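User: I am new to this structure and would like to learn how to read it. Please take me through some of the features, with the general idea before each case.

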Amino acid sequence: MAVAGEPGNGEPSALILSGAGEYADPWHAFPETSRRLGDVLAGIGCDVEITENLPGRLCDLEAVDLLVVNAAAGPSGSGRAGVERALDGFLGRGGGILAVHVGVCSLLDLPGWPDVSGAAWIPGRTMHPPLGSCWIDIRQTGHPVSARLSSFGVVDERYSHLDLRPGSHVLASHLHDGLEHPLVWAREIGRGRLVADALGHGSESYDSAGHRALIRAAIGWLTERRRPPHG
């Protein structure tokens, strides 16, 4: 477990689920991307914990304000009831979730995760062009996350043809084969909030100032109910 920030200062606590063991894969350097995510969160005042203890750490989210999902699905199977109860309680008390890249499409292979994250990967249809430089279009649609952001360039993968679920407020997209594909969206789930950010394949994604600004704006919205008043 890696920790960044100063615990106990009253700022939001962020738990990053970082893929390892059964929850890693050959394509993603989760330790590095989780570290880069942690740096962005600590830079805006979050107390950050990075854990590779999946699913064990997920069963106790009482002290967590922000949950960041940066891990592969892992094996299918039973024994997820404790995790599902913890997630339901977390969202029920107004917790925020940032789902990143592959984490948008799966968390511990929970069957209900796509209805939380707002999208599913459809085998044989969903894909991404090769990793490379690309342009991300910010949608100025009045949502607090995207209101002050500008479109930006980034080196990344661009998920395309995802199965986007109703209730997803699209914040950013990209063009592929003449079609616009959502990449970032926001959802409200009862008292809870979620931002799905399908960018973040590798550490180079976090070299983009535009992408970092998007993450900071997302975290601000996800945690605004948990931050102490200023003044």
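Analyst: Begin with a pair of helices. Two packed helices are described by the angle between their axes and the distance between the axes. Here α1 and α4 pack at an angle of about 60°, and their axes are 10 Å apart. Because of that angle, α1 is oblique to α4. Angles under 35 degrees count as roughly parallel, over 145 as roughly antiparallel, 65 to 115 as roughly perpendicular and the rest as oblique. Axes are lines fitted to C-alpha atoms, for helices over the stretch in contact, and angles run from 0 to 180 degrees between N-to-C directions.

User: What kind of model is this, and how are its residues numbered?

Analyst: This is a predicted model, in which local features need pLDDT of at least 70 and side-chain atom pairs count only at pLDDT 80 or more, while totals for chains, interfaces and linings use all residues. Residues are numbered from 1 along each chain as its sequence is written, and side-chain values use heavy atoms, with hydrogens and water left out. Helices (H or I, at least four residues) and strands (E, at least two) are DSSP runs, numbered from the N terminus.

User: In which hand does α1 pass α4?

Analyst: The crossing is right-handed. A crossing is left-handed if the near helix is turned anticlockwise from the far one by less than a right angle, and right-handed if clockwise.

User: Which residues of α1 and α4 meet?

Analyst: Contact means heavy atoms within 4.5 Å. On the α1 side there are Leu37, Val40 and Leu41, and they meet Arg212, Ile215, Arg216 and Ile219 of α4. By class, the residues of this contact divide into five nonpolar, no polar and two charged. Ala, Val, Leu, Ile, Met, Phe, Trp, Tyr, Cys and Pro count as nonpolar, Asp, Glu, Lys and Arg as charged, and the others, Gly among them, as polar.

User: How do I read the length of α1?

Analyst: Compare the span with an expected value, which is 1.5 Å times one less than the number of residues. Helix α1 covers residues 30–43, 14 in number, and reaches 20 Å from its first C-alpha to its last, close to the 20 Å expected. Helix α4, with 15 residues, reaches 21 Å, close to the 21 Å expected. After α1 comes Gly45, with a positive phi near 95°.

User: Which residues of α1 are buried, and what covers them?

Analyst: Buried means under 20% relative accessible area, exposed over 50%, partly exposed in between (1.4 Å probe, protein chains only). In α1 the buried residues are Phe30, Thr33, Ser34, Arg36, Leu37, Gly38, Val40 and Leu41. Their cover includes the strands β2 (13–18), β3 (47–51), β4 (66–70) and β5 (96–100), along with α4. In α4, the buried residues include His211, Leu214, Ile215 and Trp221.

User: Where do the backbone angles stand out?

Analyst: Most residues other than glycine have a negative phi, and most peptide bonds are trans. Leu108 is not a glycine, yet its phi is positive, about 55°. Asp109 is not a glycine either, and has a positive phi of about 55°. Leu108 lies in the loop between β5 and α3 (113–117), as does Asp109. Leu108 is buried because its relative accessible area is 1%; Asp109, at 32%, is partly exposed. As for peptide bonds, a cis one joins Leu54 and Pro55, with omega about 0°. Pro55 is found in the loop between β3 and β4.

User: What does Ala172 touch, and is Ala172 buried or exposed?

Analyst: Ala172 sits in strand β10 (residues 169–176). Its relative accessible area is 0%, so Ala172 is buried. Leaving out residues up to four places away in sequence, Ala172 touches Ile136, Asp137, Ile138, Arg139, Pro182, Leu183, Val184 and Leu214.

User: Where is Glu204, and how far in space is Glu204 from Thr33?

Analyst: Glu204 is in the loop between β12 (192–197) and α4 (209–223). Sequence separation and spatial separation are two readings: Glu204 and Thr33 are 171 residues apart in sequence and 8.8 Å apart in space, C-alpha to C-alpha. Glu204 counts as partly exposed because its relative accessibility is 26%. Leu131 and Val155 are touched by Glu204, not counting residues up to four places away in sequence.
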